[in-house]
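Here are some quick notes to go with the coordinates. Have them open while you read, and skip to whichever point you need.

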Amino acid sequence: MMDPRNQIISILQDLIRIYSPSGHEQDIAGYLEKYLINEGWHVVRDAMHNIAACPADMQHDVLPLLNAHMDTYSSKNNDPERRTATPEELQNLALQINADGQVVKADKAGNVHGQIQVGFDDKIGVAMILWLVKYRKDLSFKILLTTMEENKQVGVRHFLRNTNGF
């Protein structure tokens with residue numbers, strides 16, 4: 001079995017390749033919806049692409065809720081190493097664990113891109129939830145993955161106004 005750190009890195013790698021600044025979460029929402037359905041979860045996706053999910057056989061159970069947001073912050077910083085990665089750069093980045101046990105962002109040639117933003121906020125939270133879904137089937141919980149958090153929490157506010165009983 002793969003080391004859990006590498007399992008999480010693999011899930012996170014897939015997530016960061018999906019460009020998803022606030023207001024543009026439809027692609028990542030589609031990916032997450034498919035992932036959860038493939039794992040046997042009941043999934044509801046609302047008009048703002050928020051995703052609410054629970055194990056298919058526990059739709060009416062009271063369960064703990066795990067929450068993360070799908071959108072990422074688009075930096076306006078012009079510093080080449082402190083800006084947001086472009087969609088093309090995201091496709092070419094490979095996450096690695098360095099000798100110190102830290103996750104580093106490198107391109108296919110092995111060049112490390114230290115401060116470039118790739119969406120760890122909050123895709124690491126989403127990755128951890130997906131890891132639990134895939135590798136900890138003994139745990140029961142509900143999931144709420146929201147949109148536009150980086151824009152005044154618009155997604156979760158919409159979800160709370162329009163959802164009855166989740």
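**Notes on the model**

1. Pocket lining first. Keep in mind that this is a predicted model. Helix 4 (residues 120–135) gives the largest share of the lining of the largest pocket, namely three residues. The space in that pocket comes to about 210 Å³. It is lined by 18 residues, and Q117, V118, G119, F120 and D121 are the ones closest to its centre. If you care about the chemistry of the lining, it splits into eight nonpolar, six polar and four charged residues.

2. Next, the core. The largest nonpolar core holds 33 residues, and L32, L36, I143 and L145 have the most contacts inside it. At least two residues of this core come from each of helix 1 (4–16), helix 2 (26–38), strand 1, strand 2, strand 4 (93–97), helix 4 and strand 6 (142–146). So helix 4 turns up both in the pocket lining and in this core.

3. L36 is a good residue to click on. Setting aside neighbours within four places in sequence, L36 is in contact with W41, V43, I51, A53, L130, V133 and I143. One of these, I143, is also among the core residues with the most contacts.

4. Now the hairpin of strand 1 and strand 2. Strand 1 (residues 41–45) and strand 2 (residues 51–55) run antiparallel and are joined by five bridges. R45 has I51 in strand 2 as its bridge partner, and I51 is also one of the contacts of L36. Five residues sit between the two strands, and in the turn H49 has a positive phi of about 75 degrees.

5. There is another hairpin to look at, made of strand 4 and strand 5. These run antiparallel too, with five bridges joining them, and L95 stands opposite K105 in strand 5. Five residues lie between the strands, where G101 takes a positive phi near 80 degrees.

6. Is strand 5 (residues 103–107) largely enclosed or open? Strand 5 is largely enclosed by the rest of the structure, because four of its five residues are buried.

7. Last, a loop residue. D61 lies in the loop between strand 2 and strand 3 (65–69). Why does D61 count as partly exposed? Its relative accessibility is 35%, and the partly exposed class sits between the 20% and 50% cut-offs. D61 is 81 residues from K142 in sequence, while their C-alpha atoms are 9.3 Å apart in space.

How values were computed: Residues are numbered from 1 along each chain as its sequence is written. This is a predicted model: local features need pLDDT of at least 70, side-chain atom pairs count only at pLDDT 80 or more; totals for chains, interfaces and linings use all residues. Side-chain values use heavy atoms; hydrogens and water are left out. On a 1 Å grid over the protein atoms alone, a cavity is a set of points where a 1.4 Å probe fits but cannot get out, and a pocket is an open set with protein on both sides within 12 Å along at least five of seven lines; lining residues have an atom within 4 Å of a point. Grid points are joined across faces, edges and corners, and a volume is the space filled by probe spheres set on the points. Ala, Val, Leu, Ile, Met, Phe, Trp, Tyr, Cys and Pro count as nonpolar, Asp, Glu, Lys and Arg as charged, and the others, Gly among them, as polar. Two strands pair if DSSP finds at least two bridges between them. A nonpolar core is a set of buried Ala, Val, Leu, Ile, Met, Phe, Trp, Tyr and Cys residues joined through side-chain atoms within 4.5 Å. Buried means under 20% relative accessible area, exposed over 50%, partly exposed in between (1.4 Å probe, protein chains only). Contact means heavy atoms within 4.5 Å.
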